[in-house]
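Keep the sequence and the 3D view side by side. The tour below moves from one part of the chain to the next and ends with the ligand.

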Amino acid sequence: MFGAPSMSAVASSVASCARASAARVPSRRGGYAARLGVGAKSARGASVVPAAFTPAGAKIAGVGMELPSQSLTNEDLAALVDTNDEWIRTRTGIGKRHVISGDESLTSLAAGAAKKALAMANVDAKDVDVIILATSSPDDAFGSACTVQAEIGASGALAYDLTAACSGFVVGLVNGVHFLRGGEYEHVLVIGADVLSRYVDWRDRGTCILFGDGAGACVLSKTTDPNDCCLLGFDMHSDGTGNGNLTSKFTSESQVCGTAKPTSESDGAASGVGSFANIAMNGQEVFKFAVRTVPDTLTKSLDKAGVSSEEIDHLVLHQANQRIIDGAAKKFGLGKEKVVSNIEKYGNTSAGSVPIAMAEAVLEGRIKQGDIVATAGFGAGLTWASAILRW
Ligand code: UT7
């Protein structure tokens, strides 16, 4: 079916990670001492017992996805703005998108996806060490990872948010794998979730047709054999000079809120209420950025992994535009059967899109154990990231 990726590339990547981790990562029990080498001294000058460092790998043990119950078709949007089903399908590939309603929230979607991933992995929530929630639309400005943690009962975990827009899940996945490679943890839950419908201007036909809400998750579990590591190669970048092409800026009507120190004149008044503006996008510039960076970052990840494009079994890209997905597939000579696309059903779910596409492909029996998966995310920041995974 496909040739095995270069084991030497995997081994050298794991070994360099192990060396770096041995030098820097504190042990969960016993602090840095457990990681010190032969002849090392403790802070008080006494010799410490050398401990062998045991490099580990990470495997994807389970995946899950959650979508809001309500969806909006292209016809629904044509009733709101000057657009039509034919234009949206031809230019983007999107047929409908899901949007939250009622009690649904970023937390409820993320927790729903996480519970399913844990069930597939057969991992008890209490055994999760770290939860990384990739999102740009938390329910709370301080983040939503902790409310997800509470909702799923992962009482032993550190939970934190990661913001890298539509690249967030791929970045989170790479982060999660490195926690495990360091040998400190057993299970890391990586979630990608967004509810950008909260920030869409439903009068702007250039953006309201694109975005949908949703969440996907995966459980990464430690493997004792570093050669079993699912992450064969990765590549991650950002370029803040392009930030203005895709934004949802914090705005404040009050002089007090976020812009200046409270003055005596503001005494007695609550701070002004700030909010994030609607999404503003220069679609053509973001399109060009994606067409340029996605093949480039995938090529770099493939090189690092020692995997050729012919060895890719599945291409799972951020679902932003079918034309971007098709362009990348063509570049690598990948037929339709190797391209995972669900943009027609869900639109662009930002950080949710890659894990939802992965989860769905696994649940449909397309992605199987041992398959090589090439994935990439790209979007606001600007950010872009890719990874080559062995399932
Ligand atoms: O997740 C973050 C990453 N985001 C992306 O990757 C998005 C990248 N960009 C895109 O996918 C595309 O640029 C869009 C789908 C947003 C727009 O497609 P486009 O082919 O670049 O269209 P355009 O902006 O060049 O607009 C072409 C025409 C314009 O009309 P005129 O000036 O030629 O008369 C637009 O006003 O299409 C018009 N238009 C629409 N017409 C009907 C723009 N939006 C719509 C619409 N319905 N919804």
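Right after helix α4, Asn 122 adopts a positive phi of about 60 degrees. The model is predicted. Asn 122 is not a glycine, yet phi is positive there. The residue belongs to the loop between α4 and β4. Is Asn 122 buried or exposed? Asn 122 is exposed, because 10 other C-beta atoms lie within 10 Å, and a residue with 12 or fewer counts as exposed.

Step back into the helix itself. Most of α4 is covered, with 13 of its 16 residues buried. What end-to-end span should helix α4 have? The helix covers residues 106-121, and at 1.5 Å a residue its 16 residues should span 22 Å. The C-alpha atoms at its ends are 23 Å apart, so the model agrees with the expectation.

Go on to Pro 138. This proline sits in the loop between β4 (130-134) and α5 (145-152). Pro 138 has 22 other C-beta atoms within 10 Å, and 20 or more make a residue buried; therefore Pro 138 is buried. Which residues does Pro 138 contact, leaving aside neighbours within four places in sequence? They are Leu 106, Gly 143, Ser 144 and Asp 161. Ser 105 is 33 residues away from Pro 138 in sequence, but their C-alpha atoms are 8.7 Å apart in space.

Val 177 offers another case of sequence distance against spatial distance. Its place is in helix α6, residues 168-181. Val 177 is buried, because 24 other C-beta atoms lie within 10 Å. Beyond residues up to four places away in sequence, Val 177 touches Ala 58, Leu 220, Cys 229, Cys 230 and Leu 231. Lys 222 is 45 residues from Val 177 along the chain, and 8.6 Å separates the two C-alpha atoms.

Now widen the view to the whole chain. The protein chain holds 10 helices and 16 strands. It has 391 residues, of which 48% count as buried. Take the contacts between residues at least 6 apart in sequence: 78% of them join residues at least 24 apart.

Next comes a pair of helices. Two packed helices are described by the angle between their axes and the distance between the axes. For α7 and helix α8 (residues 322-331), the angle is about 35 degrees and the axes are 10 Å apart. Their crossing is right-handed. Which residues meet there? From α7 come Phe 287, Ala 290, Val 291, Val 294, Pro 295 and Leu 298. From α8 come Ile 324, Gly 327, Ala 328 and Lys 331. By type, the contact of α7 with α8 has 8 nonpolar residues, 1 polar and 1 charged.

Further along, look at Ser 350. It lies in the loop between α9 (343-346) and α10. Ser 350 has a positive phi, near 55 degrees, and is a residue other than glycine. Ser 350 is buried, because 33 other C-beta atoms lie within 10 Å. Asn 122, by contrast, has a positive phi but is exposed.

Helix α10 spans residues 353-363. Of its 11 residues, 9 are buried, so the helix is largely enclosed by the rest of the structure. The buried residues are Ser 353, Val 354, Pro 355, Ile 356, Ala 357, Met 358, Ala 359, Ala 361 and Val 362. After α10 comes Gly 365, where phi is positive, near 80 degrees.

A cis peptide bond appears between Gly 381 and Leu 382, with omega about -5 degrees. Leu 382 is in the loop between β15 (372-379) and β16 (383-390).

Finish at the ligand. Which residues come nearest to the ligand? Of the 20 residues around it, these are Thr 83, Gly 283, Ala 320, Asn 321 and Gly 379. Two elements give two or more residues to this shell: α3 (85-92) and α7 (283-305). The most come from α7, which gives 5 residues. The shell divides into 9 nonpolar, 9 polar and 2 charged residues. Helix α7 thus has two roles in this tour: it gives residues to the shell around the ligand, and it packs with α8.

Note on methods: Residues numbered from 1 in each chain as written. Predicted model: local features only at pLDDT ≥ 70, side-chain atom pairs only at ≥ 80, totals over all residues. Near = placed C-beta within 6 Å. Helix = DSSP H or I, 4+ residues; strand = E, 2+ residues; numbered from the N terminus. Nonpolar A, V, L, I, M, F, W, Y, C, P; charged D, E, K, R; others polar. Expected span 1.5 Å × (residues − 1). Axes fitted to C-alpha atoms, helices over the stretch in contact; angles between N-to-C directions. Left-handed = near helix turned anticlockwise from the far one by under 90°. Contact = placed C-beta atoms within 7 Å.
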